[in-house]
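Trainee: Got a minute to go through this one with me? I'd like to start with contacts and then get to the fold.

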Amino acid sequence: MATILLATDGSEYARQAASRAIDLASDRAATLHVICVVDQRRFDDPALSSAELATIYAEDHASVSVAEVTEMADSRSVPVEGDTRHGVPHEVILQYAEEIDADAIVVGEHGDHEEHFSGVGRTVTERTDRDVIVVEATP
């Protein structure tokens, strides 16, 4: 069975990428895996950080972002699994893609991220042989 990985950050651009990833998963009869990475460069481990509330908020936002895409996929009867992790986004995305043996990785062109997702998508594209789809933002 095919496997599609969607990296999301909950932004409008990521929602557009989610829609494209769900279509792709539906067309390929694939399982959709959704991941949101809490960027460790911006948010430390809450137990060790003076910015504990910001980290907790980022973790909650990541969970909500994954849940939103999971609901979208469920409504289309697309098998879906979601996860949130801490780390450097492109590194975590590539590691997760390896774990699930993703056939394709989908990211939005921009996002709510210090390093725009286009930068993450570009880095992911440069560091993998997997198919990477960077969904262009539309107004």
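Mentor: Sure. Contact here means heavy atoms within 4.5 Å, and keep in mind that this is a predicted model.

Trainee: OK, so what does valine 34 touch, leaving out residues up to four places away in sequence?

Mentor: Its contacts are Leu6, Thr8, Val66, Val69, Val80, Glu81, Gly82 and Asp83.

Trainee: And which residues touch the most other members of the largest nonpolar core?

Mentor: Ile4, Leu6, Leu32, Val34 and Val106, out of 25 residues in that core. Helix 1 gives the largest share, six residues.

Trainee: Which residues does the second core include?

Mentor: That one is separate and has 16 residues, among them Ile35, Val37, Val107 and Val132.

Trainee: Switching to the sheet: what's the strand order?

Mentor: It runs 3-2-1-4-5, an open sheet of five strands with parallel pairing.

Trainee: Why is one side of strand 3 and of strand 5 left without a neighbour?

Mentor: Strand 3 (80–87) and strand 5 (131–135) are at the edges with a single partner strand each, so one side of each has no neighbour in the sheet. From one strand to the next, the twist averages 20°.

Trainee: How many bridges between strand 4 and strand 5?

Mentor: Five, in the parallel sense, with strand 4 covering residues 104–108. Valine 106 has isoleucine 133 of strand 5 as its bridge partner.

Trainee: Which strands does helix 1 touch?

Mentor: Helix 1 (residues 12–28) packs against strand 1, strand 2, strand 4 and strand 5, at about 155° to the direction of strand 4. Helix 3 (residues 89–100) touches strands 1, 2, 3 and 4, and its direction makes about 150° with that of strand 2.

Conventions:
Residues are numbered from 1 along each chain as its sequence is written. This is a predicted model: local features need pLDDT of at least 70, side-chain atom pairs count only at pLDDT 80 or more; totals for chains, interfaces and linings use all residues. Side-chain values use heavy atoms; hydrogens and water are left out. Two strands pair if DSSP finds at least two bridges between them. Helices (H or I, at least four residues) and strands (E, at least two) are DSSP runs, numbered from the N terminus. Axes are lines fitted to C-alpha atoms, for helices over the stretch in contact, and angles run from 0 to 180 degrees between N-to-C directions. A nonpolar core is a set of buried Ala, Val, Leu, Ile, Met, Phe, Trp, Tyr and Cys residues joined through side-chain atoms within 4.5 Å. Buried means under 20% relative accessible area, exposed over 50%, partly exposed in between (1.4 Å probe, protein chains only).
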